Amino acid sequence: MLALLVLLALLQLGLGQNPVKDTAKSQDVAAEFPGLDKIVLPPAAQSRVVGGEITTIDKLGGYLVAMRYQGEFVCGGTLIDDRIVISAAHCFLGRTKKYLWEVSGGISRLNENGVKGEILDYVVPQVFKEETMNMDVAVLLLLRPVRGPNISKIGLCSKKHLEGLQLTVSGWGLSDPQASNPHQSLRSVKVPILKKNQCKHVYKAAMLITDSMLCAGVLGQKDACTFDSGGPLVYQDENHNTLCGIVSFGIGCASAKYPGVYTDVSYVRPFIENSMKHFGIKLE
C-alpha cells in the first residue's frame, strides 16, 4: 500500500513512467488515506511555481537552463560551469539515451531558441531509486561550453541554511496540474526553508525524508510544481547567487499539508565535485 501511495505522489510530479491503471487499488489507497485524492490530484487551474510571478532569465541571473528529451521539455537544470549542468536524477528515468538530450540556455520562454548544448555524458548516484528519491541529483557534462547572452554560472551552497531562510525557486512548470504540457513563461517565487522534523512528520506515511533532502514552501500558497523538476532552489544576496536545492518531489502543488521536497545541495556537493573530477573539470 505504501508503494502505491508513493507512486501516486510521483505521478503528480511527472516522475512515473506509466499512468496508474488499476482503479480498484487506487480506490483502496484513497480509503486508507481519506482525502488523499484531493492532495495528490488537486483542482485544476493552479499556477506553476505556485504563488510566483513571471520573470526573465536575465533578472533571474542566467543560471537556469531548459532540458529537452527528443525535443520535448522535461526538466530544468542549473549551470555551474560552462560545461556542467546540475539537475535531478529522476529526470532521467526512462530517458537514458544521451544523444536525445539537449539543453537551452539564456531563454525566458520555452519557444525561444537561446544557446543550445548537447549532453556528452551524465552521472546519477548508484543509490538513487525512484521508490525512495534519496540522492536525487544528476551531473551533466555538455559537449561544448554554453556561453552567450543572459547565460551565467552559479556557485554551490557549502553549508546547511537555517529554517526560515528565503530561497528562490524557478521554472516553467504546469499552470494546470491535470495538463501534460509546461507553460511557456518563466516564473519564480521565494519560499522559506521549513523544519526538517515537521517535514518528516507530514510525509511519514508516504516517503522517508532523508539527509539528502530539505523542505521548503509556504503551505497552501507557494511551491514548485510539475515540470519544475530538476530546477534550482537558490540563495540570493547582494553579491552572488548560490545553488542550495534541486526540485525533487512533493504531493500536490502548494498543498496545505505537504511542502515541496528538494535535494540538499550542501549534502550532495561531494558527489557533484567527484563527478566533475571524473569528467576532468574542477569546480571554481
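**Close-up views of the predicted model**

**View 1. Exposed and buried residues of helix 5.** On the other side of helix 5 from its buried residues, Asn-197 and His-201 are exposed. This is a predicted model. Helix 5 spans residues 196-203, and its buried residues are Cys-199, Val-202 and Tyr-203. Because the arc they cover around the axis is only 95 degrees, these three lie on the same side of helix 5. What do the buried residues of helix 5 pack against? Their partners are strand 11 (213-216), strand 13 (241-249) and strand 14.

**View 2. Thr-263 in strand 14.** Strand 14 covers residues 260-264 and includes Thr-263. With a relative accessible area of 2%, Thr-263 is buried; the cut-off for a buried residue is under 20%. A polar atom of the Thr-263 side chain lies 2.7 Å from the backbone oxygen of Asp-136. Apart from neighbours within four places in sequence, the residues in contact with Thr-263 are Asp-136, Val-137, Ser-212, Cys-244, Gly-245, Ile-246, Ser-248 and Val-268.

**View 3. Asp-81, a buried acidic residue without a salt bridge.** Asp-81 belongs to strand 3, which runs over residues 72-81. Asp-81 is buried but has no salt bridge. Which side chain of opposite charge is nearest to Asp-81? That side chain is Lys-153, 5.0 Å away. A salt bridge requires a side-chain nitrogen of Lys or Arg within 4 Å of a carboxyl oxygen of Asp or Glu. Lys-153 is nonetheless in contact with Asp-81, as are Met-276 and Ile-281, when neighbours within four places in sequence are left aside.

**View 4. Aromatic pairs around Phe-92.** The whole structure contains five aromatic pairs. In one of them, Phe-92 and Trp-101 are tilted, with 40 degrees between the planes and 4.7 Å from centre to centre. Both Phe-92 and Trp-101 are buried. Phe-92 also pairs with Tyr-122: the ring centres are 4.1 Å apart and the planes are at 20 degrees, so this pair is stacked. The stacked pair links distant parts of the chain, 30 residues apart. Phe-92 is in the loop between strand 4 (84-87) and strand 5 (101-105), whereas Tyr-122 is in strand 6 (residues 115-123). The relative accessible area of Phe-92 is 4%, so Phe-92 is buried. Tyr-122 also counts as buried, at 15% relative accessibility.

**View 5. The aromatic cluster.** Which residues do ring pairs link into a cluster? The members are Tyr-69, Phe-92, Trp-101 and Tyr-122.

Note on methods: Residues are numbered from 1 along each chain as its sequence is written. This is a predicted model: local features need pLDDT of at least 70, side-chain atom pairs count only at pLDDT 80 or more; totals for chains, interfaces and linings use all residues. Side-chain values use heavy atoms; hydrogens and water are left out. Helices (H or I, at least four residues) and strands (E, at least two) are DSSP runs, numbered from the N terminus. Buried means under 20% relative accessible area, exposed over 50%, partly exposed in between (1.4 Å probe, protein chains only). Lys and Arg count as positive and Asp and Glu as negative; His and the chain ends are not counted. Contact means heavy atoms within 4.5 Å. A polar contact is a pair of N or O atoms within 3.5 Å; within protein, one must be able to donate a hydrogen and the other to accept it, and residues adjacent in sequence count only if both atoms are side-chain atoms. Rings of Phe, Tyr and Trp (its six-membered ring) pair if their centres lie within 6.5 Å; planes under 30 degrees apart count as stacked, over 60 as edge-to-face and the rest as tilted. The arc is that of the directions from the helix axis to the C-beta atoms.
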